[in-house]
Every structure is written in structure tokens, then in C-alpha cells.
Amino acid sequence: MEKSNIAKGKERKEVFTTSSGIPIKRIYTPEDVADLDYNRDLGPSGEDPYTRGIYPTMYRGKLWTIRQFGGLNAAEATNDRYKLMYQMGVTGFAIAIDDASLIGFDPDSPEAEGEVGVGGVSVFSLKDMEDMFDGLPIDKISTAVIQAINTTCPHTAMYLALAENRGIDLRDVDGTTEGDPCSFGGCSDLKANPAPVRQLMRLCGDLVEWCAINAPKWHPVSFTSYNYREAGVNAYQEIGGLVASAVDLIEEVLSRDRGLTVDDFVPHYTFHLASHNDFFEEIAKMRAARRMWCKIMTERYDAKDPRTKMLRFHVQTSGSTLTYQQPINNAIRVAYQSLAAALGGVQSLHACSYDEALCIPTEEAVTLSIRTQQILQNESNVTNTIDPLAGSYYVESLTNEVEKRAMDFFHQIEDHGGWTKALELGWLRQQTEKEAIKYEEEIRTGKRRIVGVNCFQMEEDPSKITYFRPDPEIYKKQKARAEKLKEERDNDKVEETLNELRDADDSGENVMPAMMKAVKAYATLEEMTDVTVRRHFASGTKSIFSHLSRMIE
Amino acid sequence: MGKIRVLMAKPGYDSHFRGAVVVATTLRNAGMEVIYLGGQQPSEVANTALQEDVDVIGISTLSSTYMEYLTELTSLLKNKGIAEKLLVVGGVVIPDDVPKLKEMGVDGYFPPGSDLVSIVDYIRNGVK
């Protein structure tokens with residue numbers, strides 16, 4: 001069959017496209033990049049428009065950070081896991097926090113039942129943060145605090161308070177808060193979460209503002225397109241959305257008119273992208289995102305500080321591409337996606353584990369993820385030179401096309417009134433669902449081939465993997481831990497600091513100074529989010545589940 | 001017979017909605033009436049199933065707590081006298097646990113990567 005195709009000059013398919021549906025030609029030639037102007041469109045790395053990378057030396061100066069996302073059961077178990085990972089050579093941590101804490105409930109709350117230790121580690125007070133990082137050198141290694149919208153300020157304050165209590169100057173603490181309200185709103189199913197998005201934007205803005213002055217090495221927000229990419233949107237929508245959400249938070253901070261310019265706070269912004277299956281499209285996406293960001297910061301905001309124009313980013317390989325079937329194959333997917341991130345100029349990388357389509361990664365699976373990155377950094381020599389694919393007719397042409405489509409999507413969001421408004425309108429969720437359904441339809445019809453799922457299936461997988469099981473006693477243990485904490489701490493002090501927090505929240509002042517005090521007094525997550533989030537629920541109820549039901553239309 | 005009525009939900013606070021929404025939309029396109037609840041606790045699912053008199057309850061799980069969640073849900077459905085409703089689970093269940101689902105009263109299980117048409121067929125055949 002294929003032989004005769006060769007003889008006849010026929011191709012296997014009528015149309016070849018990228019994963020996002022961009023049509024791809026048989027071969028690319030100088031004509032496809034005839035308009036490319038090296039200085040205007042590419043330039044050397046470390047220079048405007050940063051297409052080739054944000055630093056002049058890139059991996060010749062410093063390798064990307066091996067930052068594995070992890071968290072399981074309670075603080076002690078996570079501390080063991082982190083120590084193991086540190087011993088194996090990770091150069092950054094990222095805390096995976098459990099569902100109860102992400103929403104802002106303590107383990108002794110009825111709302112937390114069945115949610116403690118689910119999907120991450122239970123972290124509800126400074127005590128958990130202390131135990132989780134016990135014996136780990138947080139002055140030498142950076143940490144990403146990956147929480148959700150409700151807990152952006154308190155979870156960050158816990159980590160920063162831990163650093164201060166250890167005698168580390170806040171000005172030297174290195175790390176990132178993920179807490180992008182835009183992303184969570186876009187990917188969460190807590191559609192009717194009555195906490196107004198605007199209050200969550202305000203809290204995120206408070207952290208940005210406070211860090212710019214007090215913790216200048218801390219990245220107070222990481223715009224996370226990863227989440228909505230995983231939920232459904234395609235590659236160019238991912239970066240169009242990324243830029244739109246970051247612009248929305250710029251507007252939030254500028255609208256306060258407290259004397260900050262973009263060059264005061266945007267240099268601390270960071271970004272978190274996905275690396276999906278389409279190898280070249282992902283590389284093109286990362287290059288296009290850098291160029292697009294630089295253009296917008298220059299043209300729209302007249303940014304002067306080069307760091308304002310640099311899109312620094314973390315990549316997580318795409319969990320949704322991992323298959324339940326033949327899970328060992330996932331290790332290969334992760335390796336290709338990691339290579340794409342390296343060629344795309346990433347600053348830090350989480351390589352998923354092969355068992356992530358089934359459970360929280362086992363130690364064995366996490367070890368392989370770390371080794372995958374180390375093999376890439378130490379053996380493949382892809383780190384020898386910067387942006388090695390620049391100048392490729394295909395890669396440059398695809399970078400242009402991805403950027404053009406991303407810019408279109410960005411403008412569509414702006415036409416809906418910006419990210420927050422488009423989110424409130426439900427438009428973003430609609431786009432996400434539409435793409436997710438299209439993707440699934442392509443798998444069903446065989447247009448999109450997934451090994452082990454719709455081709456090359458096996459009745460029985462010969463490779464056996466072991467599964468991680470969460471501690472079944474976790475809820476009971478953490479509940480007791482919460483009760484003990486509330487008995488032993490100075491409750492007068494807690495009350496005093498919570499009152500101060502309430503006053504700051506009411507007056508529109510920055511909540512972070514009061515939040516730091518409350519955290520140090522061992523106020524809990526729920527107590528603090530009661531003040532900064534749940535008081536703002538329209539319905540006055542504590543439940544986040546009101547009015548969620550809807551007919552699928 | 002009227003349209004088949006389906007209630008679709010996910011356990012608790014977990015936010016991985018992609019599978020649930022894709023399946024819900026597929027069932028709608030196949031002519032069924034779908035009520036999408038998003039993340040809910042078992043009691044809400046059981047109450048809504050009773051009030052809405054649905055034929056099918058679909059639970060999409062990507063959360064490690066599926067055993068506890070489904071144990072509670074199936075017992076609530078029994079208490080309310082609606083255990084005969086078709087209970088279908090989709091998403092991540094560790095292979096060793098799949099036989100236990102049937103024992104607990106789950107009628108059908110569809111792992112990630114299942115053919116969407118097979119889910120539609122299963123429901124049509126299951127609802128008499």
C-alpha cells in the first residue's frame with residue numbers, strides 16, 4: 001500500500017494538521033519565511049523580542065530547574081517524599097495541596113470530609129509548612145506554592161513566614177505563588193463558586209503589590225494556561241488566554257493608582273504552560289508566547305525594564321495526554337514533551353510520571369521523571385546551544401501562525417471585555433468545552449490516533465505497575481491535628497490578628513501585612529479565608545455548591 | 001417512552017471536569033436529557049436523583065476517594081429506594097478495584113479512553 005503510494009506520489013492523508021488543527025504543508029521552503037526579519041522577529045536570546053529565549057546564555061549559563069510537583073497525605077509524608085526527591089537531584093519543589101485546603105477548609109470542618117489528603121498534601125496552618133520543609137534548605141532551593149484562588153494569600157504567607165522564622169530575609173526568598181485567579185476560574189468546575197472573581201483578583205493583586213515591595217525575588221503570580229489547556233483549549237488558545245489573563249491583572253493593579261508602574265510589578269510575573277503531544281507546535285507555541293508578550297508589553301504598556309517584557313515560564317508535561325491503557329508508554333510521551341520544553345526555552349520543568357493517569361505517582365515513577373530530565377540535561381547535549389530550531393522554515397513559519405492565531409484569540413477575549421469578564425459570561429468555559437469535545441470526537445473517529453487507546457490496543461498489558469494508595473486514616477489524623485493546634489496556640493492572639501485582617505479587607509488596604517501576622521499566630525486556613533473569601537459570598541452561605549446544576553445545552 | 005434522563009456528577013471538590021462534560025454532551029447529542037451537577041457530595045447526588053426522577057446516574061471520578069464516595073452513594077440510593085437506577089462510573093479506578101465496584105452496586109464502569117458510542121449503547125440497553 002505505502003509502496004504504491006510512493007510510486008504514485010500519493011500521501012497517507014488528504015490533510016495534515018497540527019494537534020490544534022493548523023494545516024501543515026508537505027515541505028517548507030525559504031518562501032514560507034520570506035517576510036522574516038531576523039532582528040525584528042527573532043534577534044539573539046536575551047534581547048527584544050525574546051523569541052529565542054529570555055537570557056543571553058540560557059542553558060549554557062544555568063540549566064532549567066527540575067521542579068517536580070508533589071504532595072501526598074500530610075506534612076510528614078510529603079517531607080519524606082521531598083527529601084527523597086532532593087537527594088535524587090531536584091532543584092526546585094512545587095507543593096501539590098489537597099482539595100480541602102485548596103478550597104480553604106480545615107480538616108476539622110464538616111466541609112472537608114472526604115477531601116483531606118485528596119490530590120495533594122493537607123496544609124492548613126504554618127505548622128504544616130514547618131513540618132513539610134523540616135530539614136530542607138529553602139534558602140538554597142526555590143519552591144512553587146501551587147494553590148487555588150481562595151488560598152493564594154494565606155498559603156503564600158505560610159511559606160514566607162516559615163522562611164522569616166528560619167532567619168531568612170524576605171528579600172532573599174526565592175519561589176513562586178501560582179494562585180492565578182484567571183486560570184482557576186477557567187478550569188474549575190466550581191462554576192457557581194459565589195466568591196466573586198473580582199474579590200479574588202483583588203487578593204491576587206494585593207500579593208503582587210506587597211511582594212513587589214517586600215519580597216522582590218518572589219514571583220507572586222504564575223499565570224497558568226496549563227490548567228485550561230488540560231481542560232480543553234488548543235495550543236494557540238492556550239497562549240492567547242495566557243496573555244489575556246496577565247493583562248487583566250495588570251489592569252487590576254494599575255487601576256488602584258497607588259503609584260506602581262508595570263515596571264514595578266510585572267518583572268515578578270511568571271507563567272506556567274503545558275507541553276502537549278505535537279512536538280513542533282509546542283516549541284512554536286513557546287517561542288510565539290515570548291514574542292507576543294514582549295510586543296504587548298512594549299506597544300500597549302510602554303514597558304522600559306527588559307524583565308517586564310520577558311516571558312519566563314515553567315512547563316508541566318501534559319497530564320491529559322497520559323493514558324490509562326499501557327501506562328508504561330506514558331514515560332515515552334513525557335520524554336518527548338520534556339524535550340519540546342527544552343527546545344522551547346523553558347526555565348523550570350515538571351516531567352509527569354507514567355502512573356499519573358491512574359494514581360498519585362509512586363516513588364518509583366517520580367524517580368523516573370527526575371531521571372528523564374537529568375538524561376535530557378546531561379546526555380542529550382540539547383543544552384549546548386540556544387534555540388537550535390531557529391531558522392527552520394517549518395518552525396519559523398509555524399511560530400508565526402501560532403502567534404497570529406493566539407493574537408486573534410486574545411482579541412476575541414478583549415472583545416468580551418477581558419479575561420475576567422469573559423469568564424463571568426461563561427464564554428471561556430464554552431470555548432474550553434467545545435475544544436475538549438472536538439478532541440474526543442477526533443479520537444473516536446480515528447482522526448487522532450492514541451497508541452493503546454484507539455490503535456495498537458492490547459487485551460492484557462504485559463507490564464505491571466504498582467499503584468499509590470492514599471493513607472485511609474488521613475482524615476481522622478488531620479482532624480485530630482487541627483483540634484490539637486486550636487487548643488495549643490494563643491487564641492487571643494489569633495482573634496486579634498484575624499480582626500486586623502478583617503479591617504484590612506474591609507478598608508481596601510493590602511491584606512498581606514495582616515495576613516502575615518495571622519499566619520505567624522497559627523491562624524488556620526479556614527479562619528483566614530472566612531474573612532477574605534467566604535464573607536464575600538453573595539448568598540452568605542458557607543457552601544460552595546449552591547446553584548451548580550445546569551442542563552447540558 | 002420519553003427521553004432518557006441522566007444525572008451527571010463528580011466527587012466533591014475535584015475540578016477535572018473534562019471527561020464529565022464530554023460524556024454529558026455526547027449523551028445529550030444522542031437524544032438524552034442530561035442534568036449536570038458538577039462536583040457534589042453523595043447526599044446531593046442522591047437527593048437530586050430522587051427529585052428529578054432520573055433513569056441514570058453518571059459519576060465521573062478522577063479523585064482517589066472513589067471507593068468511599070461510591071460506598072456512601074450506593075448506600076444512600078438503597079435507603080431512598082432508588083437503587084434500581086442505572087449507576088454508571090467513568091474515569092480513573094485502579095484496575096484492582098474494578099471488581100469491587102460491581103459488588104457495591106455499580107452497574108457499568110468505563111475507564112479513560114472508552115469509546116463514547118459504547119457508553120451511549122450501554123445506557124440505551126440498560127434503561128428499560
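Guide: Helices and strands here are DSSP runs, with at least four residues for a helix and at least two for a strand, numbered from the N terminus. The model in front of you is predicted.

Visitor: What makes the pattern of chain B, read along the sequence?

Guide: Reading chain B along its sequence gives β-α-β-α-β-α-β-α-β-α. In total, chain B has five helices and five strands.

Visitor: How do you know how confident the predictor is in chain B?

Guide: Confidence in each residue is scored from 0 to 100. Chain B averages a pLDDT of 94, and 99% of its residues score at least 70. For the complex, the predictor gives an ipTM of 0.94 and a pTM of 0.94.

Visitor: What makes the radius of gyration of chain B agree with a compact globule?

Guide: A compact globule with 128 residues would have a radius of gyration near 14 Å, and chain B has 13 Å, so the two agree. Taken along the principal axes, the C-alpha atoms of chain B fill a box of roughly 35 × 35 × 25 Å. Contacts add to the picture: among those with a separation of 6 or more, 75% join residues 24 or more positions apart.

Visitor: Why is B:I35 called partly exposed?

Guide: Let's set the count against the cut-offs. A buried residue needs 20 or more other C-beta atoms within 10 Å, and an exposed one has 12 or fewer. B:I35 has 19 C-beta neighbours inside 10 Å, so B:I35 counts as partly exposed. You will find B:I35 in strand β2 of chain B. The C-alpha atoms of B:I35 and B:A9 are separated by 8.6 Å, with their positions 26 residues apart along the chain.

Visitor: How many of the 128 residues of chain B count as buried?

Guide: The share of buried residues is 52%.

Visitor: Which residues of helix α2 in chain B are buried?

Guide: In α2, which spans residues 42-52, B:P42, B:V45, B:A46 and B:A49 are buried. They cover an arc of only 95 degrees around the axis, which puts them on the same side of α2(B). Here is a handy rule: an α-helix has 3.6 residues a turn, so residues three or four places apart point the same way.

Visitor: What lies on the other side of α2(B), and what do the buried residues pack against?

Guide: On the other side, B:S43 and B:Q51 are exposed. The buried residues pack against β1 (5-11), β2 (33-40), β3 (56-61) and α3 (66-79) of chain B. Just after α2(B) comes B:D53, whose phi is positive, near 50 degrees.

Visitor: How do you know that chain B is in contact with chain A?

Guide: Two residues are in contact if their C-beta atoms lie within 7 Å. By that rule, 34 residues of chain B are in contact with 36 residues of chain A. On chain B, the elements giving two or more residues to this side are α1 (18-29), β2, α2, α3 and α5 (116-126). The most comes from β2(B), with seven residues. The residues of this side divide into 16 nonpolar, eleven polar and seven charged.

Visitor: What are the domains of chain A, and how far apart do their centres lie?

Guide: The domain assignment gives domain 1 (1-66 + 220-249 + 270-457) and domain 2 (71-90 + 98-177 + 460-541). Their C-alpha centres lie 31 Å apart. The contact takes 21 residues from domain 1 of chain A and 16 residues from domain 2 of chain A.

Notes
Residues are numbered from 1 along each chain as its sequence is written. Chains are lettered from A and ligands numbered from 1 in the order in which they are written. This is a predicted model: local features need pLDDT of at least 70, side-chain atom pairs count only at pLDDT 80 or more; totals for chains, interfaces and linings use all residues. The arc is that of the directions from the helix axis to the C-beta atoms. Ala, Val, Leu, Ile, Met, Phe, Trp, Tyr, Cys and Pro count as nonpolar, Asp, Glu, Lys and Arg as charged, and the others, Gly among them, as polar. The radius of gyration is taken over C-alpha atoms; the globule rule is 2.2 Å times the number of residues to the power 0.38. Domain bounds come from an automatic or database domain assignment.
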